[in-house]
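Got a protein model open and not sure where to begin? Take a look at the picture first, and then we'll walk through it piece by piece.

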Amino acid sequence: MRLASWNVNSIKVRLPQLLEWLAAEQPDVVCLQELKTEDAGFPRAALEAAGYSSVVSGQKTYNGVAILSRSPLGEVATGIPDFADEQRRVIAATVRGVRVVCVYCPNGQAVGSDKYDYKLRWFEALRGYLEAELKAHPELAVAGDFNVAPEDRDVHDPKAWEGQVHVSERERAAWRALLELGLKDSFRLFAQPEKTFTWWDYRMVAFRRNAGLRIDHILLSAALAERCAAATVDKEPRRLERPSDHAPALVELRAG
DNA sequence: ATGGCTACGATCCGTAGA
């Protein structure tokens, strides 16, 4: 099973690129973030025609997540249980026995801001949710835009970013708390090229300078990590005209 | 100099992203 995650930064703007990418890469399951549209505006028919069924938790202007799959999607759930949140950031479904949780974690804006506090509370709620999901579903993948660069090697210029939002100690601790549940950062299961990132600012010709962060991740439970044959980042879509500022992350899972 | 794009929904600029 080929599983991907991509923050598309508007499904309406990126649909042509998404369709081309699906045809080229043939992923089985795709977690999408930042749809920026309500469910009614989601291009369900176009994706169906491309061979993908979808489940969506959309929102106007901000946020919005979806899971696409070439196999049937079951046990669909949205949001984090017991965490009241207007923002559509989480959707989960089961595909071929694998529990897939798609997340768009809060940005946090600036350390010390209200949004930063919300980000930390949100991660704590996510941790509790994933702890329960792991117990119910040993084959668990959590894919999305985490808005955390876990280590300095995930940051193009650690000195410039020191203490900033996305790399601050409390955010990294929140990330490590997810790993402590027994989840593995799939990207780090393999030797990787240095300075592999998943996000580059639209400004400052950041992509051409590879001035990026690795903030989009696919976490795997132990049972899935054992079956993981590859974990990569596909920078190609970021090279296109009018790209998303994020690149897709992918994993290859052997049959269980 | 802390900006610089991009998307959105509302105007002809503000909010948010990261």
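What follows is a tour of two sheets, a pair of helices, a few individual residues and the surface beside the DNA. Keep in mind that this is a predicted model.

**The sheet that holds β7**

Let's start with a sheet of six strands. It is open, its pairing is mixed, and the strands run in the order β5-β6-β7-β8-β12-β9. The strands at the edges are β5 (74-78) and β9 (184-185); each has a single partner strand, so one side of each is left without a neighbour in the sheet.

A quick reminder: strands of a sheet pair through backbone hydrogen bonds, and they can do so in a parallel or an antiparallel way. You'll find both kinds here, as the table shows, together with a pairing from the other sheet that we'll get to below.

| Strand pair | Sense | Bridges | A pair of facing residues |
|---|---|---|---|
| β6 (residues 90-95) and β7 | antiparallel | six bridges | I91 and C102 |
| β7 and β8 (residues 140-145) | parallel | six bridges | V101 and V142 |
| β9 and β12 (residues 216-220) | antiparallel | two bridges | D185 and L219 |
| β1 (residues 2-7) and β2 (residues 29-33) | parallel | five bridges | A4 and V30 |

Now zoom in on β7. How many residues of strand β7 (residues 98-104) are buried? Seven of the seven are, so the strand is largely enclosed by the rest of the structure. Both of its faces are covered: V98, V100, C102 and Y104 are buried on one side, and R99, V101 and V103 are buried on the other. So when you spot C102 facing I91, or V101 partnered with V142 in β8, you're looking at residues of β7 that are buried.

Strands β6 and β7 also make a hairpin, with two residues between the strands. In that hairpin, R96 takes a positive phi near 50°. We'll meet that kind of backbone angle again in a moment.

**The other sheet**

There is another open sheet of six strands with mixed pairing, in the order β3-β4-β2-β1-β14-β13. Its edge strands are β3 (53-57) and β13 (228-233), which each pair on one side only. On average, neighbouring strands in this sheet are turned by 10° against each other, direction ignored. Inside it, β1 and β2 run parallel, and A4 sits opposite V30 of β2.

**Two helices side by side**

Next, find helix α3 (residues 114-136) and helix α5 (residues 169-179). Their axes come within 9 Å and cross at roughly 5°. That makes α3 roughly parallel to α5. Where do they touch? From α3 come L120, F123, R127 and L130, and they meet R170, A174, A177 and L178 of α5. Sorted by class, the residues of this contact are six nonpolar, no polar and two charged.

While you're on α5, have a look at E171, which is found in that helix. Is E171 buried or exposed? It counts as buried, because it has 24 C-beta neighbours inside 10 Å, and the cut-off for buried is 20 or more. Leaving out residues up to four places away in sequence, E171 touches G108, V148 and H166. As for D152, it is 19 residues from E171 in sequence, and the two are 13 Å apart in space, C-alpha to C-alpha.

**A loop with unusual angles**

Most residues other than glycine have a negative phi. The loop between β10 (199-200) and β11 (212-213) holds V205, whose phi is positive, near 40°. N210 is in the loop between β10 and β11 too, and its phi is near 50°, again a positive value in a residue other than glycine.

How do these two sit in the structure? V205 counts as exposed, because it has 10 C-beta neighbours inside 10 Å. N210 has 12 such neighbours, so it counts as exposed as well.

**Beside the DNA**

Finally, look at DNA strand B. Which residues come nearest to it? Of the 22 residues around the strand, they are S10, T61, N107, Y202 and R203. By class, the surface near DNA strand B has six nonpolar, eight polar and eight charged residues.

How values were computed
Residues are numbered from 1 along each chain as its sequence is written. Chains are lettered from A and ligands numbered from 1 in the order in which they are written. This is a predicted model: local features need pLDDT of at least 70, side-chain atom pairs count only at pLDDT 80 or more; totals for chains, interfaces and linings use all residues. A residue is near a molecule or strand if its C-beta atom, placed from the backbone, lies within 6 Å of it. Ala, Val, Leu, Ile, Met, Phe, Trp, Tyr, Cys and Pro count as nonpolar, Asp, Glu, Lys and Arg as charged, and the others, Gly among them, as polar. Two strands pair if DSSP finds at least two bridges between them. Helices (H or I, at least four residues) and strands (E, at least two) are DSSP runs, numbered from the N terminus. Axes are lines fitted to C-alpha atoms, for helices over the stretch in contact, and angles run from 0 to 180 degrees between N-to-C directions. Angles under 35 degrees count as roughly parallel, over 145 as roughly antiparallel, 65 to 115 as roughly perpendicular and the rest as oblique. Two residues are in contact if their C-beta atoms, placed from the backbone, lie within 7 Å.
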